[in-house]
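Trainee: I would like a close look at one part of this model, the place where two helices pack against each other. Could you walk me through that part and then link it to what else the model shows?

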Amino acid sequence: MVKYFVWFGLGSAIFLAACTKPAPSDSLTASDEALLVVTTASPQIESYPVTIAATGLIQPWQETIISAEIGGLDISNVYVNVGATVKKGQLLAELNAAQVNADLLNQRANVAEAEANLEQATIEASKAVSLEKAGALSAQELLNYSTKQKTTQAKLIAAKASLELQNLKLSYTKILAPDDGVISARNAAVGSVVSNGGELFRLIRNNRLEWQAEVPLSQLQDIVIGQSVLLNLSDGRQLAGEVRQVAPALNPNSKNGIAYVDISNNTQLKVGMSIDGLINVGYNRGIVIPFSALVSSDGFNYVMTLNQKHQVHKVKVQVGDIYGDKAVIISGISPAAVIAVEGAGFLDESQIVAVKGTKK
């Protein structure tokens, strides 16, 4: 009998527990349904920079060709190599001056001989004048002495000119830097014989570089002298520059215009590097949103708008310029919209979300 009542009581308890289980709820609140937590923002109307994207090469501002001004001599010494920083007047190389020195000594002797001849001719001309006055010399003979004096004087002038030329040739045996800068190329080699005008070195004047930006012809009219420029370096940093001038002719190969941009020295920049950059051509006003709010899909851009019930709607937008962490919206939304920012890329149409905060 005891066992019967125990089993009866246990069965009753199970039956009552089953009968009192709560029924499932017919509706869920927004917080119950939320799968993701997002931050939101409202589109802002503000001024934004209008930029032109361009690609161009880093080139020397001015590159000087240093050549030999005397030919037929071999190079005896070279003192600099590519990459060397030099000062104006610094000795870069020397030519073998043995032959020039020999010619210089010979010409000095010619000058000394011409000076002696002129001295003798001057004395003879002076005596001839005295003799002519005393009637001991004819006028024709006096003219001969005078002519001889002038001829020897002319020969002395010519000898001195040749001496100056030899001194100049001797100075040409020392190859000097015409300006401060960096050696960008070297053709000079010890023992090689130079030709008159033959290139020995190239020098980037003042180690100053420029960015030669290629701009489509349709945008070239928007670029003027003095506009600010930002170059994108390989390490993610940006380098500031300024438009110095716009070329009057197009690049014959690409048919693009060229803007010459002054830039500050940077050890990362090398001549011949291809760099991307942005030229700031002015400012406009328009609707601006955080760039992270954009969602790209199927080749189009969208934003996820939220209604008052935090329900998501996918809206197609047309994007204009992008600057910094912001994007300009040309069409698709109004400043009254509320859009998802953080987490927008994970949302689906009609999804309900929880809002953590609002981004500015």
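Mentor: Happy to! Let's begin with a term we will need: a crossing is called left-handed if the near helix is turned anticlockwise from the far one by less than a right angle, and right-handed if it is turned clockwise. Please keep in mind that this is a predicted model.

With that term in hand, look at helix H3, which spans residues 98-133, and helix H4, which spans residues 139-172. H3 passes H4 in a left-handed crossing. Sorted by class, the residues of the contact of H3 with H4 come to 15 nonpolar, 11 polar and nine charged. The two helices pack at an angle of about 160°, and their axes are 8 Å apart. Angles over 145 degrees count as roughly antiparallel, and H3 and H4 are therefore roughly antiparallel to each other.

Now for the strands. One open sheet has three of them, in the order E4-E6-E7, and the pairing is antiparallel. Strand E4 (75-78) and strand E7 (174-176) are at the edges; each has a single partner strand, so one side of each is left without a neighbour in the sheet. From one strand to the next, the twist averages 20°. E4 is joined to strand E6 (residues 91-95) by three bridges, and these two strands run antiparallel. If you want a pair to find on screen, Val-78 stands opposite Ala-93 in E6.

Another open sheet is formed by four strands in the order E3-E9-E8-E5, again with antiparallel pairing. Its edge strands are strand E3 (63-67) and strand E5 (85-86), each of which pairs on one side only. Five bridges join E3 to strand E9 (residues 199-205), and the two run antiparallel. Here you can look for Thr-64, whose bridge partner in E9 is Leu-203.

Strand E8 of that sheet also leads us to the largest pocket. E8 (residues 181-186) supplies three residues, the largest share of the pocket's lining. The volume of this pocket is about 290 Å³. The lining has 14 residues, and those that lie nearest the centre are Val-182, Asn-207, Leu-209, Leu-269 and Lys-270. By class, the lining of the largest pocket divides into seven nonpolar, six polar and one charged.

Terms used:
Residues numbered from 1 in each chain as written. Predicted model: local features only at pLDDT ≥ 70, side-chain atom pairs only at ≥ 80, totals over all residues. Heavy atoms only, no water. 1 Å grid on protein atoms, 1.4 Å probe; cavity = no way out; pocket = protein on both sides within 12 Å on 5 of 7 lines; lining within 4 Å. Points joined across faces, edges and corners; volume = space filled by probe spheres on them. Nonpolar A, V, L, I, M, F, W, Y, C, P; charged D, E, K, R; others polar. Pairing = 2+ DSSP bridges. Axes fitted to C-alpha atoms, helices over the stretch in contact; angles between N-to-C directions. Parallel < 35°, antiparallel > 145°, perpendicular 65-115°, else oblique.
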